[in-house]
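Colleague: Let's go through this model, starting with its pocket and then the ligand.

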Amino acid sequence: MLIARLERVGLTVPTDVQSTAIPTILQNHDVVIQSYTGSGKTLAYLLPILCEVGPFAEKLSQDEDSDKRIGVEAVIVAPSRELGMQIVREFEKILGPEDKKLVQQLVGGANKSRQEEALRKNKPSIVVGTPGRIAEISATGKLHTHNCRFLVLDEVDELLSFNFREDMHRILEHVGRRPGAEPHNKAKGPLVRRTERRTILVSATVPFSVIRAASSWGRDPVLVRAKTVVPLESVPAAGPDTLSKNPTNSSSTITQGAADSLPPGLKHYYCVSKLQHKVDSLRRCVHALDARSVIAFMNHTKRLKDAVFKLEARGITAAELHGDLGKLARSTTLKKFKNGELRVLVTNELSARGLDVAQCDLVVNLDLPTDSIHYAHRAGRAGRLGRKGYVVSMCEESEVFIMKKLHKQLGIPIQKCDFPEGKLSVFKEETIKEMSSEATAR
Ligand SMILES: Nc1ncnc2c1ncn2[C@@H]1O[C@H](COP(=O)(O)OP(=O)(O)OP(=O)(O)O)[C@@H](O)[C@H]1O
């Protein structure tokens with residue numbers, strides 16, 4: 001049934017991470033799924049859920065069946081409303097129009113009373129949302145998750161950040177916990193109250209904070225990477241940027257930084273440009289690479305509008321996407337970008353995580369990311385599902401040392417380039433020594 005439906009929507013060959021994660025989750029494991037951006041992690045958890053929840057589920061035994069009617073059975077948490085809605089659309093694509101009411105979005109910014117009304121009326125088995133809204137509706141008692149069998153935290157390292165702490169605590173405490181069960185008592189170990197909830201943590205980057213969280217939230221969780229499954233306790237504690245030795249060898253230290261979170265089809269460059277010329281360098285870069293679908297990242301929302309204005313003034317269709325925009329403006333802009341009406345989307349960190357625009361062929365850092373993890377998530381907007389793509393970072397002379405650091409932490413070549421006469425020109429391979437002597441000479 002499910003396989004037939006997948007074939008109908010053009011999903012016939014599983015990606016590596018799906019081939020590894022799906023059976024592991026169906027064997028009742030708690031899992032951490034780590035695989036590079038655009039490798040199909042969403043379906044890696046969505047498909048096992050649909051094997052057990054909804055129209056494609058194997059028939060449950062009588063008592064489980066009666067339980068089935070009470071409340072939500074899967075909760076998926078995402079750090080942004082765009083990613084939340086993207087996951088909902090993936091569910092709806094597979095469920096089809098007749099069953100799409102089985103999944104309900106609970107993202108921030110949408111109308112809360114309409115969401116509560118839909119929960120009451122449709123009695124969805126699956127909810128997908130952002131931490132604040134899920135926690136808020138759960139606190140009103142209108143979201144019944146005690147029967148929940150799956151809790152998915154997508155972009156989990158982002159969800160661990162401070163601003164989600166309180167909401168995530170509530171979600172972890174309530175989802176899959178039977179009413180009246182004794183409160184979480186560490187002394188009795190992390191699992192005394194959750195019997196069958198499977199906790200699935202997902203990200204392209206898995207810093208040690210995620211490993212630690214998984215061990216306390218799950219029951220003997222395993223780490224699923226593209227082709228390997230290792231017990232989590234075999235992962236030694238390490239700093240945030242430990243690079244993997246040999247990813248295929250299960251005893252190696254895992255990458256807790258970002259080295260193997262980058263898609264293989266990407267080429268990475270940096271271009272030295274003065275701050276006031278960066279947008280013009282972006283324009284020359286877009287033309288030189290003949291990029292059709294470009295995502296440009298900036299660190300300060302205030303400056304996005306100015307960049308869009310300059311691009312439009314030079315005849316490049318562009319728009320800004322950030323959290324200060326209203327819900328409608330954000331979804332309209334995203335739709336226009338995805339259907340090719342816009343050539344450049346100028347955005348900030350909000351859109352870095354998880355945004356899936358299959359045709360994105362160029363990512364430009366108009367402002368440099370703060371670290372290798374942020375670099376990886378931004379870069380991973382291009383090269384989706386093994387496609388080719390470029391990542392070009394615009395940096396001032398004084399920031400070149402940051403590119404050297406990223407090159408080292410990520411273990412990837414990031415070559416210096418420029419765009420004279422509308423062509424990409426790559427400087428000869430600058431070794432680390434040359435780069436560092438350049439850096440010290442300044
Ligand atoms: N088996 C498959 N066959 C064909 N297309 C697939 C398959 N699995 C996923 N896709 C498509 O590949 C794209 C990327 O998938 P997805 O967004 O799940 O990647 P991801 O690993 O979650 O990326 P990120 O780390 O950026 O969130 C999506 O458009 C998805 O529909």
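Colleague: How much space lies in the largest pocket?

Modeller: Bear in mind that this is a predicted model. The lining of the largest pocket counts 41 residues. Closest to the pocket centre are L11, Q18, G40, L43 and E90. The space in the largest pocket is about 890 Å³.

Colleague: Which helix gives the most to the lining of the largest pocket?

Modeller: Four helices each supply at least two residues: α1 (2-8), α2 (16-26), α3 (41-52) and α5 (81-95). The top contribution is six residues. That helix is α3.

Colleague: How many residues of that lining are nonpolar, polar and charged?

Modeller: The lining divides into three classes. Charged residues number ten and polar ones twelve. The nonpolar residues number 19.

Colleague: Why does the largest pocket lie between two domains?

Modeller: Look at who lines it. Domain 1 (1-57 + 70-181 + 194-234) gives residues to the lining. Domain 2 (262-427) gives residues too, so the pocket lies between domain 1 and domain 2.

Colleague: What share of the ligand's exposed area does the protein bury?

Modeller: Start with the surroundings: 21 residues lie around the ligand, and V13, K41, D356, R381 and R384 come nearest. A polar backbone atom of V13 is 2.8 Å from a ligand nitrogen. Ligand oxygen atoms lie 2.6 Å from a side-chain N or O atom of K41 and 2.7 Å from a polar side-chain atom of R384. Taken alone, the ligand exposes 640 Å², and the protein buries 88%.

Definitions and conventions
Residues numbered from 1 in each chain as written. Predicted model: local features only at pLDDT ≥ 70, side-chain atom pairs only at ≥ 80, totals over all residues. Heavy atoms only, no water. 1 Å grid on protein atoms, 1.4 Å probe; cavity = no way out; pocket = protein on both sides within 12 Å on 5 of 7 lines; lining within 4 Å. Points joined across faces, edges and corners; volume = space filled by probe spheres on them. Nonpolar A, V, L, I, M, F, W, Y, C, P; charged D, E, K, R; others polar. Domains from an automatic or database assignment. Near = heavy atom within 4 Å. Polar contact = N/O pair within 3.5 Å; in protein donor to acceptor, adjacent residues only side chain to side chain. Areas by Shrake-Rupley, 256 points an atom, 1.4 Å probe, with all protein chains shown as cover.
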